[in-house]
Amino acid sequence: MEGLAKISPEVFTRRARLKRENLGLSTVGGQASLKTLLDEPDFALASFLLSVLGEGSFLSLLWFLRDNAPDPVTRQVATLTAQDEARHVAFGLAHLERHCQIDPMMHGRLRGAIEQRHDALSNTAGLNALVFDALITLAAGSLEPTALQRGFDAVSQLQADMDRGRRIRLRKLGFDETEAEQLSALHTRNFM
Ligand SMILES: [Fe+2]
């Protein structure tokens with residue numbers, strides 16, 4: 001194994017504080033979104049929301065960070081985190097695929113879990129504007145208008161990639177194309 005093959009959680013704190021003294025704050029909406037995952041008592045439904053939809057969307061985000069990283073260390077952190085995240089998504093998918101095969105009621109329950117979470121979060125603001133701007137600036141690489149336009153396009157593409165990934169995973173679980181499209185659209189706007 002290479003020297004950097006294992007990643008310590010400390011690396012995220014150090015990266016977050018690279019250019020500032022204190023960590024940023026998470027929003028009320030972000031916290032509410034995570035809380036809905038903890039509040040889900042059924043393990044299969046919780047792993048569907050977290051691993052298949054949330055972590056699946058995060059995979060696209062980590063690849064985006066890898067491809068737009070401003071330095072080699074950030075790129076390496078994103079690459080290793082994406083590898084780890086891919087395992088979580090694969091595990092969640094395998095677990096749910098089996099559930100769907102043996103339980104004819106499973107699709108209805110999964111659909112209900114997404115709809116319930118969507119309703120629970122309908123009053124929250126969605127993606128923090130600061131996060132959105134940070135992703136644009138990262139992909140732009142500079143504050144020149146043409147670069148910012150490129151950054152904006154890259155973040156729009158990221159959101160399209162996340163949606164596409166979710167639809168592919170939903171199809172793998174046996175939802176038809178229309179259902180997959182509808183259910184992917186109900187996923188939280190803050191990616192989690
Ligand atoms: Fe994960």
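## How α3 and α7 cross

Let's start with a pair of helices: α3 passes α7 in a right-handed crossing. This is a predicted model, so keep that in mind as you look around. In general, two packed helices are described by the angle between their axes and the distance between the axes. For α3 and α7, the angle is about 145 degrees and the axes are 9 Å apart.

Who does the touching? On the α3 side, you'll find Val-52, Leu-53, Gly-56, Ser-57, Leu-59, Ser-60, Leu-61, Phe-64 and Asn-68. On the α7 side, the list is Ala-154, Leu-158, Asp-161, Met-162, Gly-165, Arg-166 and Arg-169. Sort the residues of this contact by type and you get 8 nonpolar, 5 polar and 3 charged.

## The nonpolar core

Now for the greasy part. In soluble globular proteins, nonpolar side chains tend to be buried together. Here, the largest nonpolar core has 34 residues. Those with the most contacts inside this core are Phe-48, Leu-49, Leu-61, Leu-62, Leu-110 and Ala-113.

Several helices chip in: α3 (43–68), α4 (72–102), α5 (106–120), α6 (129–140), α7 (145–172) and α8 (177–185) each give the core at least two residues. The largest share comes from α3, with 12 residues. For a look at one member, try Phe-48: setting aside neighbours within four places in sequence, Phe-48 is in contact with Leu-53, Leu-96, Leu-110 and Ala-113.

## A walk along α7

Does the length of α7 add up? With 28 residues at 1.5 Å a residue, α7 should span 40 Å, and its end C-alpha atoms are 41 Å apart, so the two agree. Its buried residues are Gly-151, Val-155, Leu-158, Met-162, Gly-165, Arg-166, Arg-169 and Leu-170. Among the things covering them are α3, α4, α6 and α8. Just past the end of α7, Gly-174 takes a positive phi of about 105 degrees.

Zoom in on Gly-151, which sits in α7. Is Gly-151 buried or exposed? Gly-151 has 21 C-beta neighbours inside 10 Å, and 20 or more is enough to count, so Gly-151 is buried. Leaving out residues up to four places away in sequence, Gly-151 touches Ile-136, Thr-137, Ala-139 and Ala-140. Take Ala-140: it is 11 residues away from Gly-151 along the chain, yet their C-alpha atoms are separated by 4.1 Å.

## α4 and one of its exposed residues

You can run the length check on α4 too: its 31 residues should span 45 Å at 1.5 Å a residue, and its end C-alpha atoms are 45 Å apart, so that agrees. The buried residues of α4 are Val-77, Ala-78, Val-89, Gly-92, Leu-96, His-99 and Cys-100. Their cover includes α1 (10–16), α3 and α5.

Arg-87 is also in α4, but Arg-87 is exposed because it has 11 other C-beta atoms within 10 Å, and the cut-off for exposed is 12 or fewer. Arg-87 and Ser-51 are 36 residues apart in sequence, while their C-alpha atoms are 9.6 Å apart in space.

## His-107, in between

Last stop: His-107, in helix α5. Its count is 17 other C-beta atoms within 10 Å, so His-107 is partly exposed. Not counting neighbours within four places in sequence, His-107 is in contact with Cys-100, Gly-174 and Phe-175. You've met two of those already: Cys-100 is one of the buried residues of α4, and Gly-174 is the residue with the positive phi just after α7. From His-107 to Leu-45 it is 62 residues in sequence, but 10 Å in space, C-alpha to C-alpha.

Notes: Residues are numbered from 1 along each chain as its sequence is written. This is a predicted model: local features need pLDDT of at least 70, side-chain atom pairs count only at pLDDT 80 or more; totals for chains, interfaces and linings use all residues. A nonpolar core is a set of buried Ala, Val, Leu, Ile, Met, Phe, Trp, Tyr and Cys residues joined through C-beta atoms within 7 Å. Helices (H or I, at least four residues) and strands (E, at least two) are DSSP runs, numbered from the N terminus. Two residues are in contact if their C-beta atoms, placed from the backbone, lie within 7 Å. Axes are lines fitted to C-alpha atoms, for helices over the stretch in contact, and angles run from 0 to 180 degrees between N-to-C directions. A crossing is left-handed if the near helix is turned anticlockwise from the far one by less than a right angle, and right-handed if clockwise. Ala, Val, Leu, Ile, Met, Phe, Trp, Tyr, Cys and Pro count as nonpolar, Asp, Glu, Lys and Arg as charged, and the others, Gly among them, as polar. The expected span of a helix is 1.5 Å times one less than its number of residues.
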